[in-house]
Amino acid sequence: MSAPSIVILTGAGISAESGLGTFRDEGGLWAQHRIEDVATPEGFARNPQLVVDFYNARRAQAADANPNAAHMALARLQAEHAGSVTLVTQNVDDLHEKGGSVDVIHMHGALNSALCATCEHRWPAPLAMSVGQDCPYCTGPTARPDIVWFGEIPYHMERIERALANADVFVAIGTSGNVYPAAGFVQMARHVGAETIEINLEPGENVGLFDDVRAGKASETVPNWVAEVLAG
Ligand code: OAD
């Protein structure tokens, strides 16, 4: 039999031990900020300064953060597994890349990218973006963080769905299973008969859809799982 095709979905929990706060854990980002204010197009239209400041703070935090053993284990899996490994993340930090992963699919955008709201041109975001910054391509004063806000369509969905349609194993790591479409990937994987595994500190909302649930900190559980896969 050929090596299994693996699709991995990561969420904020994988970066928690690198010092980046999650969204829905106690004291998390959504306890400190209102989603409507900082993570919707309407919030940005109402108060762009608040939104730009929120993502500037997160970009600065992410720039100082280092990958942990879980990020590094997934990079090792990508390098050493004989079958395909598709790494999809809801995270907007770049800790997978810093940990050595390649071709990371950032379905909710990326802090280190800026997007022109007029022409959709993208460019590397400065550490501190400002409101009304010009787009280097169309020159419109319409730069925004390249983040998928609530009410917007996540990026790379076709590619993700293609990978899920061919998955033998689907693994969700450090995500609470609250936000769709990502929370529905497990169902797509089940539909094609893939084995489904959740690796999380606390069970996610959709825990019942996983064949195997591994509880614990990502920095321990993920390297253990990767070692198991690589050992065959
Ligand atoms: P959440 O904050 O909703 O969930 C984080 C998950 O990580 C929880 O299930 C925790 O139990 C788990 N966790 C915490 N510490 C962990 C650790 N050390 N090891 C393993 N697991 C740990 O974050 P997400 O599910 O990523 O979207 O949130 C999904 C989306 O909602 C985000 O991408 C963001 C947010 O609103 C947008 O902003 C569009």
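**A tour from the ligand to V207**

Start with the ligand and select the shell of residues around it: 9 are nonpolar, 10 polar and 5 charged. Keep in mind that this is a predicted model.

Now narrow the selection. Which residues come nearest to the ligand? Pick A12, F23, R24, T175 and S176, which come nearest of the 24 residues around it.

Next, look at polar atoms. Stay on R24. One of its polar backbone atoms is 2.7 Å from an oxygen atom of the ligand. Then select E17. Here the side chain takes part: one of its polar atoms lies 2.9 Å from a ligand nitrogen atom. Move on to A218. Its backbone supplies a polar atom, 2.8 Å from a nitrogen atom of the ligand. Now show the surface. On its own, the ligand has 790 Å² of accessible area, and the protein covers 95% of that.

Leave the ligand and select V207. Where is it found? V207 is in the loop between β8 and β9. Colour residues 195-200 to see β8, and residues 212-215 to see β9.

Is V207 buried or exposed? The answer lies between the two: its relative accessible area is 26%. Buried would need under 20% and exposed over 50%, so V207 counts as partly exposed.

Show the contacts of V207. Leaving out residues up to four places away in sequence, V207 touches E198 and V213.

For the last stop, add I197. It sits 10 residues from V207 along the chain. Draw a line between the two C-alpha atoms: the separation is 9.2 Å.

Key: Residues numbered from 1 in each chain as written. Predicted model: local features only at pLDDT ≥ 70, side-chain atom pairs only at ≥ 80, totals over all residues. Heavy atoms only, no water. Near = heavy atom within 4 Å. Polar contact = N/O pair within 3.5 Å; in protein donor to acceptor, adjacent residues only side chain to side chain. Areas by Shrake-Rupley, 256 points an atom, 1.4 Å probe, with all protein chains shown as cover. Nonpolar A, V, L, I, M, F, W, Y, C, P; charged D, E, K, R; others polar. Helix = DSSP H or I, 4+ residues; strand = E, 2+ residues; numbered from the N terminus. Buried < 20%, exposed > 50% of the residue type's maximum accessible area, 1.4 Å probe, protein only. Contact = heavy atoms within 4.5 Å.
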